Amino acid sequence: MSEEKRSFSRVQVRLKAQVRVMESLDSPQLFTGDTTSQAAGREEFIKKSKLPPEVTAFLAEMDRKLDQIITTMGKDTVRADFSLPVEVREISAAGVKFRSAHKFTPGDPLEMIIFLSQTPLRLAGSKGRILDQDPDTGLYRFEFVDLRGTDMEAIVQFVFKEQREQIRNSKM
């Protein structure tokens, strides 16, 4: 594999992702962003609510269950539009390394959606291109192109969270 430029931290993972082949990188991006609500909003509501605790607990639980329903529906929609499943094995804000049953060639333009979290559903997506394939591992190296700020932030937060978890586990 060619020499890699490291400007972002990266972490080894096993994440599901879906891709679609694009005509070119100039084509518009289909994925418009992660619009699911955050659990942090639920926590904020619980802290600041002036409702009786029983009502607050009931509403928070209903919100959690609605998140699960939306997650299920969101996964179905993503899989319909992005028909090629891949397994991401390494991730950074610059790109990913992934495994796929589908054959790609260097330069292929793709749009990828990565499932950073299953519940609540957290997605990050970007257009990009295949740089190459490692002959030893079979992993494709994919470079993000035009990564939106919100998606970059989600990936960076995910990488840091995973690194902290790995450090904690190594000290035990």
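## Exercises: two acidic residues in a predicted model

Glu 111 touches Gln 18, Val 19, Arg 20, Met 22, Gln 29, Leu 30, Phe 31, Phe 82, Ser 126 and Lys 127, leaving out residues up to four places away in sequence; contact means heavy atoms within 4.5 Å. This is a predicted model: local features need pLDDT of at least 70, side-chain atom pairs count only at pLDDT 80 or more, and totals for chains, interfaces and linings use all residues. Residues are numbered from 1 along each chain as its sequence is written, and side-chain values use heavy atoms, with hydrogens and water left out.

**Exercise 1.** Place Glu 111 and find its polar partners.

*Solution.*
- Start with the element: Glu 111 sits in strand β4, residues 109-117 (strands are DSSP runs of E, at least two residues, numbered from the N terminus).
- Next, exposure. Glu 111 is buried, at 0% relative accessible area (buried means under 20%, with a 1.4 Å probe and protein chains only).
- Now the side chain. It makes a polar contact with the side chain of Arg 20, at 2.8 Å (a pair of N or O atoms within 3.5 Å, one able to donate a hydrogen and the other to accept it; residues adjacent in sequence count only if both atoms are side-chain atoms).
- Last, the backbone nitrogen of Leu 30 lies 2.9 Å from a polar atom of the Glu 111 side chain.

**Exercise 2.** Do likewise for Asp 151.

*Solution.*
- Asp 151 belongs to helix α3, residues 149-171 (helices are runs of H or I, at least four residues).
- Asp 151 is buried, at 2% relative accessible area.
- Beyond four places in sequence, Asp 151 is in contact with Phe 31, Leu 123, Ala 124 and Gly 125.
- Asp 151 and Gly 125 are 26 residues apart in sequence, yet 6.4 Å apart C-alpha to C-alpha.

Definitions and conventions:
Buried means under 20% relative accessible area, exposed over 50%, partly exposed in between (1.4 Å probe, protein chains only).
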